[in-house]
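Grab a viewer and work through a few exercises on helix packing and burial. Each one sets a task and then walks through a solution.

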Amino acid sequence: MDILSTYSMTLIVLAAVFGLFMAWGIGANDVANAMGTSVGSKALTIKQAIIVAMIFEFAGAYLAGGEVTSTIRKGIIESAYFVDTPELLVFGMIGSLLAAGTWLLIASWAGWPVSTTHSIIGAIVGFSAVGVGVESVNWSSVVGIIGSWVITPMIAGIIAYFVFLSAQKLIFDSENPLNMAKRYVPFYMALTGFMISLVTIKKGLKHVGIELTSFEGYSLAIGIAVVVGVLGKILISRLKFDPAADKNMHYTNVEKVFAILMIVTACAMAFAHGSNDVANAIGPLAAVVSVVESGGEIASKAKLAWWVLPVGAFGIVLGLAMLGRRVIATIGKGITHLTPSRGFAAELAAATTVVIASGTGLPISTTQTLVGAVLGVGMARGIAALNLGVVRNIVVSWVVTLPAGAIMSIIFFFIIKAAFGA
């Protein structure tokens, strides 16, 4: 307890710095989930993708990031085991942020799309199990989270499969694909607008002091969806194509229409990613701030300090700008050949899955969700459309991530503990 009061400012600054570092790693690595498909399908250039992601990742992290934070902070380890030694919880969370951030730096430099959720959960489980005791880990919660890593790629894959098939049936297989695209694409745009605005309204606005009833929330989301759909229709109607061209040229033109739609889904995915994955950085940081400022009291519900969410949001944007290109290239070009229509199906499915998970407070891996969605699109075209070697390598990197986070976290925990003389 004396350590917390003596070194309170030092501990908070350390946690903030390492929290920023962890958020930086999320931006450098995980943001490929939002932008990889857009860049791979050539709907956006790398530079455009980075600008779009900066805006929407920040908005998602800041507006809708609070809901998942509580799950990361309270669900994985049993706080009762730290009541008499709250400084161990503080040291462990600081060590976990440093460990997960370090692993993400290594992975991003190598171009491996790993899971930031795996990284931080592995780190927290590692320090708690070894530094405090195996019984301090809430294993049922961990099993539930691991279960979600299997279920969510499946959900995303199924949604992507049917979204892609619907586009194939309604548009590409029709007599006049271009006319059908002009008719149906605005509906896809409206659906995307509805989904993203709904999670912002229901989960995000309370962080800025705005509370809406369910009726008001749904009404506003429907209004935004209509506006997005109408804007989409106007944009698409302005595209000039030669109606006398052959069907192959029609397909090319339809892909141009989907490229417009991909920009909408890229924004949606970036927002969903920011809202879900910022918790991986700010959850442990929020726990440290809460324990230190209360003088060692581990509250069942801690109020989020005003500056914590912006630290996470800013870190994500910084990491993306500095090192995001490498993993974007792996996701965008490695798994399967993406066109704008295929990339759109994958992004919409992944964004839907992530938004649902973010709203229910379940920390999922957006990496696995997006890979599941891209696999779903590939399966709709047949198994030969998938680069199974790349998929295998990605899965291996996921398996390595949990133990890597745990081992580094244990080492950092004992170093920090010794440094503060505990």
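The exercises below start with the whole chain and then move to single helices and residues.

**Exercise 1. Get an overview of the fold: count the helices and strands, and find what share of the residues is buried.**

Step 1. Keep in mind that this is a predicted model.
Step 2. Going through the secondary structure gives 17 helices and zero strands in the protein chain.
Step 3. Of the 422 residues in the chain, 59% are buried.
Step 4. Now look at the contacts between residues at least 6 apart in sequence: 86% of them join residues at least 24 apart.

**Exercise 2. Work out how helix H6 and helix H12 are arranged relative to each other.**

Step 1. Locate the pair: H6 covers residues 86-110 and H12 covers residues 279-293.
Step 2. Their axes come within 9 Å and cross at roughly 155°.
Step 3. Angles over 145 degrees count as roughly antiparallel, so that is how H6 and H12 run relative to each other.
Step 4. As for handedness, this crossing is left-handed.
Step 5. On the H6 side, the contact is built from Pro-86, Leu-89, Val-90, Met-93, Ile-94 and Leu-97. H12 brings in Asn-280, Ala-281, Pro-284, Leu-285, Ala-287, Val-288, Val-291 and Val-292.
Step 6. Sorting those residues by class gives 13 nonpolar, one polar and no charged.

**Exercise 3. Check the length of H12, then say how many of its residues are buried.**

Step 1. H12 has 15 residues, and 20 Å separates its first C-alpha from its last.
Step 2. At 1.5 Å a residue you'd expect 21 Å, so the span is close to expectation.
Step 3. For burial, 14 of the 15 residues in H12 are buried, leaving the helix mostly covered.
Step 4. Have a look at what follows H12 too: Gly-295 has a positive phi, near 75°.

**Exercise 4. Do the same packing analysis for helix H8 and helix H16.**

Step 1. H8 is residues 139-172 and H16 is residues 366-380.
Step 2. The two pack with axes 7 Å apart, at an angle of about 40°.
Step 3. That angle makes H8 oblique to H16.
Step 4. The crossing here is right-handed.
Step 5. H8 supplies Trp-149, Thr-152, Pro-153, Ala-156, Gly-157, Ala-160, Tyr-161, Phe-164 and Leu-165. Facing them in H16 are Gln-368, Thr-369, Gly-372, Ala-373, Gly-376, Val-377, Met-379 and Ala-380.
Step 6. The class tally for this contact is eleven nonpolar, six polar and no charged residues.

**Exercise 5. Is Gly-92 buried or exposed, and which residues does Gly-92 touch?**

Step 1. Gly-92 lies in H6.
Step 2. Its relative accessible area is 0%, so Gly-92 is buried.
Step 3. Skip residues up to four places away in sequence, and Gly-92 touches Phe-127 and Phe-413.
Step 4. For a C-alpha distance, try Gly-131: it sits 39 residues from Gly-92 in sequence and 8.1 Å away in space.

**Exercise 6. Place Leu-14 and Phe-412, and find their contacts beyond four places in sequence.**

Step 1. Leu-14 belongs to helix H2, residues 8-29.
Step 2. With 25% relative accessibility, Leu-14 counts as partly exposed.
Step 3. Leu-14 is in contact with Ile-94 and Phe-420, leaving aside neighbours within four places.
Step 4. Val-288 is 274 residues from Leu-14 in sequence, yet their C-alpha atoms are 9.8 Å apart.
Step 5. Over to Phe-412, which is part of helix H17, residues 388-419.
Step 6. Leaving out residues up to four places away, Phe-412 touches Gly-95, Leu-98, Ala-99 and Thr-102.

**Exercise 7. What is the phi of Lys-42, and where is Lys-42 found?**

Step 1. Start with the background: most residues other than glycine have a negative phi.
Step 2. Lys-42 is not a glycine, but has a positive phi of about 65°.
Step 3. Lys-42 is found in the loop between H3 (32-40) and H4 (46-64).
Step 4. Its relative accessible area is 72%, so Lys-42 is exposed.
Step 5. The next helix, H4, does have buried residues, among them Ala-49, Ile-50 and Glu-57.

How values were computed. Residues are numbered from 1 along each chain as its sequence is written. This is a predicted model: local features need pLDDT of at least 70, side-chain atom pairs count only at pLDDT 80 or more; totals for chains, interfaces and linings use all residues. Side-chain values use heavy atoms; hydrogens and water are left out. Axes are lines fitted to C-alpha atoms, for helices over the stretch in contact, and angles run from 0 to 180 degrees between N-to-C directions. Helices (H or I, at least four residues) and strands (E, at least two) are DSSP runs, numbered from the N terminus. Angles under 35 degrees count as roughly parallel, over 145 as roughly antiparallel, 65 to 115 as roughly perpendicular and the rest as oblique. A crossing is left-handed if the near helix is turned anticlockwise from the far one by less than a right angle, and right-handed if clockwise. Contact means heavy atoms within 4.5 Å. Ala, Val, Leu, Ile, Met, Phe, Trp, Tyr, Cys and Pro count as nonpolar, Asp, Glu, Lys and Arg as charged, and the others, Gly among them, as polar. Buried means under 20% relative accessible area, exposed over 50%, partly exposed in between (1.4 Å probe, protein chains only).
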